[in-house]
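Me: I would like to learn how to read a protein model step by step. Could you take me through a few features, giving the general idea before the case at hand?

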Amino acid sequence: MFSMILASLRGARPTVSGLAATLAFAIIGAMIGSAAQAEPIRGAGSTLAAPIIGKWATAYKDARADGGDFFTLDWTVDYEPVGSLAGLMRLAQPELDFAATDVPVPPSDLARNGQRQFPIVMGGIAVVTNLDGLPEQGLRLSGAVIADIYLGKIKSWSDPAIQALNPDIALPDLAIGVIHRQDGSGSTYVFTEFLSSTSEEWKTKLGTDTLIDWPLGTGAEGTQALLRAVAATKGAIAYAEYGQVLRAGLPFAAVQNKSGRFVKPDPQGVQAAATSVAWEETTDFFASLTNRSGDGAYPISTAVFAVVQVSGRTEHRYRRVHDLFRLAFAQGAGDATALGYVPLPKALVDQIEQYWARQLPVGN
């Protein structure tokens, strides 16, 4: 393209309009060539985070286009909600830029794989039910009771152990329909981490993991399938991200925390859990929000983490991921709140940006 400009300059005197047209074609050609080489920011993982990442992706494209009609694929985000475990596994593929996971990756694993990690948003895992006639304050459940339900020891909603926590509610003599995730899920990890912290039997027999050999119940793949199964099953119980449960219009329980208080999975309960973490003392922000101390802390809280591949990637690629989340932190807190998530506090955002600033390429 630029050779055309030189040729026009070396030839007979070009007209001003002719040179302007040549320059315009050169610029357009360069833009088209750049767009042809551009690639979207590609991510995969947490279904819990899918709604807010989708919202932030749209906002990122609009912000980078700055009101114009032209955009490149570099300004777009392609995110697949395949579950935390599958997202982390896919990060080994050369086309993926980041994985979103509800389960933080240990610093030793990050170092071995040439990866970096930081939280992007926080939320609660709600214990959702399908019961009629519940009062406004809803059902109360403890970790020990939930564990016994999933172990098959408590089979009816009228069981004395549930009734003891809800003396003012006339619970039905109705079989409990246990529903769980059958795919590798960060929500399952957080849920079973809570059960392991409150039930020694659960900890010994089943433990904490993204995939569990469930002793009973019906499996569902993905959050939306799980919520549909709950809505279709009278007497059902399950666990899912609070915002999606709220939008589905399903009732959820207040869960007993470490202080003995019954707390709902709303932003206040999650925020109370998050503020109990000394993030500045962590390595690669490796921390759990489950069953934290504090009267107001919701005990099944979690943070969603972005795990970014650095080794084997150009600096341009992982800096684009930083750019996406920098804009999300600066302008996307309202979107997160509207969807039922808890945005990161400013002090934590500042720590993440400092973490990015000292981040050096690994293995390039």
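Reply: We will go from the whole chain to a pair of helices and then to some charged side chains, keeping in mind that this is a predicted model.

Me: How many helices and strands does the protein chain have, and what percentage of its residues count as buried?

Reply: A first reading usually takes stock of the secondary structure and then of the burial. Here the protein chain comes to 15 helices and 11 strands, and of its 364 residues 49% count as buried. The surface can be read too: the chain exposes about 16,300 Å², of which carbon and sulfur atoms supply 55%.

Me: What share of the contacts joins residues 24 or more positions apart?

Reply: Among contacts in the protein chain with a separation of 6 or more, residues 24 or more positions apart account for 76%.

Me: At what angle do helix α3 and helix α13 pack?

Reply: To describe a helix pair, one gives the angle and the distance between the axes, and then the residues that touch. Helix α3 (residues 50-65) and helix α13 (residues 315-331) pack at an angle of about 100°, with their axes 10 Å apart. Since angles from 65 to 115 degrees count as roughly perpendicular, α3 is roughly perpendicular to α13. On the α3 side the contact is made by W56, A59, Y60, A63 and R64, while α13 contributes R320, D323, L324, F325, L327 and A328. Sorted by character, the residues of this contact divide into eight nonpolar, no polar and three charged.

Me: Which residue forms a salt bridge with R319, and how far apart are the closest N and O atoms?

Reply: For a salt bridge, one looks at the partners, then at their places in the chain, and then at their exposure. R319 pairs with E315, the closest N and O atoms being 3.3 Å apart. These two residues are four residues apart in helix α13, so about one helical turn separates them. R319 counts as partly exposed at 28% relative accessibility, and E315 is likewise partly exposed at 43%.

Me: Where do D109 and R112 lie, and is R112 buried or exposed?

Reply: D109 and R112 both lie in helix α5 (residues 107-113), three residues apart, which is about one turn of the helix. Their salt bridge has its closest N and O atoms 2.7 Å apart. R112 is exposed, with a relative accessible area of 60%, whereas D109 counts as partly exposed at 24%.

Me: Which residues are linked in a network of salt bridges?

Reply: D148, K153, E201 and K205 are linked in such a network, and the count of salt bridges in this model comes to 14.

Terms used: Residues are numbered from 1 along each chain as its sequence is written. This is a predicted model: local features need pLDDT of at least 70, side-chain atom pairs count only at pLDDT 80 or more; totals for chains, interfaces and linings use all residues. Side-chain values use heavy atoms; hydrogens and water are left out. Axes are lines fitted to C-alpha atoms, for helices over the stretch in contact, and angles run from 0 to 180 degrees between N-to-C directions. Angles under 35 degrees count as roughly parallel, over 145 as roughly antiparallel, 65 to 115 as roughly perpendicular and the rest as oblique. Contact means heavy atoms within 4.5 Å. Ala, Val, Leu, Ile, Met, Phe, Trp, Tyr, Cys and Pro count as nonpolar, Asp, Glu, Lys and Arg as charged, and the others, Gly among them, as polar. Buried means under 20% relative accessible area, exposed over 50%, partly exposed in between (1.4 Å probe, protein chains only). Accessible areas come from the Shrake-Rupley method with a 1.4 Å probe; for residues, only the protein chains shown count as cover. A salt bridge is a side-chain nitrogen of Lys or Arg within 4 Å of a carboxyl oxygen of Asp or Glu.
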